[in-house]
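Me: Please pick one part of this structure and look at it closely, setting it among its surroundings. I am new to it, so explain each term when it first comes up.

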Amino acid sequence: MTQERIDGAPEILVVGATGTVGRHVTLQLLASGVRVRALTRHPDLARQPRYVQGDLLDPDSLEAAATGAGAAFLIWPHPTADGAAAAVSAMARHVRRMVFLSSAAVRDVPGRGPESPGRPDAAIEALIAGSGVRYTFLRPHGFTANTLRWAEEIRTDAAVRGFGGGAGLNLVDERDIAAVAVRALTEDGHEGARYVLTGPESPSQEEQVRIIGEAVGLPARWEELPRDTARLRMLTAGWPPTVVDRALDFIHARVGDPEPVTSTVEDITGRPPRSLRSWAADHAALFR
Ligand SMILES: NC(=O)c1ccc[n+]([C@@H]2O[C@H](COP(=O)([O-])OP(=O)(O)OC[C@H]3O[C@@H](n4cnc5c(N)ncnc54)[C@H](OP(=O)(O)O)[C@@H]3O)[C@@H](O)[C@H]2O)c1
């Protein structure tokens, strides 16, 4: 990979700049001397330096935000691809390069191409690929920050209740996803790549709770729930039934067959991906 910067149009538009991954993309771009336009829907924040106001569902606002930018980091945080065609084409009229935060849920099916049942990621990838820009797709596994959903249970009774404690699930640190994004946004050589991003290991959910407990200083443990009970809890929390069943099937399948690990983070950034243990040490205060 060459270290050549994008010529002529150094500013990079970051969509999702206040989010889990985009905030690190923004910070890491700034730290490497790249000028950033951080997109937010919130007018008060947009008045701060480096921010611009815009909404993915309002193409005119995106077009204004992208005018003069050289590249864009894009997320699509909506459950369907409705509105995405207009958003992608508004941005593609201005930027030469897009890096899209897709998902490891996208599978390249021989003879059919990318598919992501129940999720819009594959549809957004197709829109970007057809837009004429140079693109890179990041397909991360679950973010390590997802474990924050356990914070309340760990804080209150040092126990996490769920289905599939033995399932080996990969977690990738959002800072490592951002580091790959920064490379793809600022270097040549990543065009057309579809990077599956993982952390260094796929600990079982039981192990994940124990690792976080050790970092926090609590003897945190996993308490297995029957599938039906876990399903009801997820439905009550507002998850659509098809998503719930797909998620529970996936977890069940990973018991005894942990998710695979890729070397992509290290290949691209030159640094091994961060472990859950190191993430938990850095975020222990959020579980106390
Ligand atoms: N969590 C996982 O394990 C995982 C794994 C793989 C892929 N992903 C993908 O990651 C994406 C989410 O990224 P994230 O977790 O970094 O985000 P996040 O923390 O959920 O934050 C959402 C971001 O999206 C922005 N946003 C929401 N609606 C918007 C709109 N209509 N127009 C413009 N901006 C909007 C918000 O900005 P403002 O509020 O400032 O406007 C905020 O910055 C999703 O597409 C998801 O599929 C997640």
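Reply: A residue is called buried when its relative accessible area is under 20%, exposed when over 50%, and partly exposed in between (1.4 Å probe, protein chains only). By that rule six of the seven residues of strand 8 are buried, so this strand is largely enclosed by the rest of the structure, and strand 8 is the part followed here. The model is predicted, so local features need pLDDT of at least 70 and side-chain atom pairs count only at pLDDT 80 or more, while totals for chains, interfaces and linings use all residues. Residues are numbered from 1 along each chain as its sequence is written, and side-chain values use heavy atoms, with hydrogens and water left out.

Strand 8 covers residues 134–140; strands (E, at least two residues) and helices (H or I, at least four) are DSSP runs, numbered from the N terminus. It belongs to an open sheet of seven strands, whose order is 3-2-1-4-5-8-12 and whose pairing is parallel. In that order strand 8 stands between strand 5 and strand 12, and two strands count as paired if DSSP finds at least two bridges between them.

On one side, five bridges join strand 8 to strand 5 in the parallel sense, and within this pair Met-98 has Tyr-135 of strand 8 as its bridge partner. On the other side, strand 8 and strand 12 are also parallel, with four bridges between them; here Arg-139 is matched with Val-196 of strand 12.

Strand 12, in turn, is at an edge of the sheet, as is strand 3 (51–53): each has a single partner strand, so one side of each is left without a neighbour in the sheet. From one strand to the next the twist averages 20°. At the strand 3 end, three bridges link that strand to strand 2 (residues 36–40) in a parallel arrangement, and Ala-38 has Tyr-51 of strand 3 as its bridge partner.

Helices pack against this sheet as well. Helix 5 (residues 121–129) lies across strand 8, strand 5 (97–101) and strand 4 (71–74), and runs at about 165° to strand 8, where angles run from 0 to 180 degrees between N-to-C directions of axes, which are lines fitted to C-alpha atoms, for helices over the stretch in contact. Helix 1 (residues 22–31) touches strand 1 (12–14), strand 2 and strand 4, with its direction at about 155° to that of strand 1.

Met-98 gives another view of these surroundings. Leaving aside neighbours within four places in sequence, Met-98 is in contact (heavy atoms within 4.5 Å) with ten residues' worth of company that includes Arg-134, Tyr-135 and Thr-136, together with Ile-128, Ala-72 and Leu-74.

Met-98 is also one of the residues with the most contacts inside the largest nonpolar core, alongside Phe-73, Ile-128 and Leu-138. Such a core is a set of buried Ala, Val, Leu, Ile, Met, Phe, Trp, Tyr and Cys residues joined through side-chain atoms within 4.5 Å, and this one has 54 residues. The element that gives the most to it is helix 7 (residues 174–186), with seven residues. Apart from this core lies another, of 17 residues, among them Leu-171, Ala-220, Trp-222 and Phe-287.

Finally, the loop between helix 7 and strand 12 (194–197) holds His-190, which is buried, with a relative accessible area of 1%.
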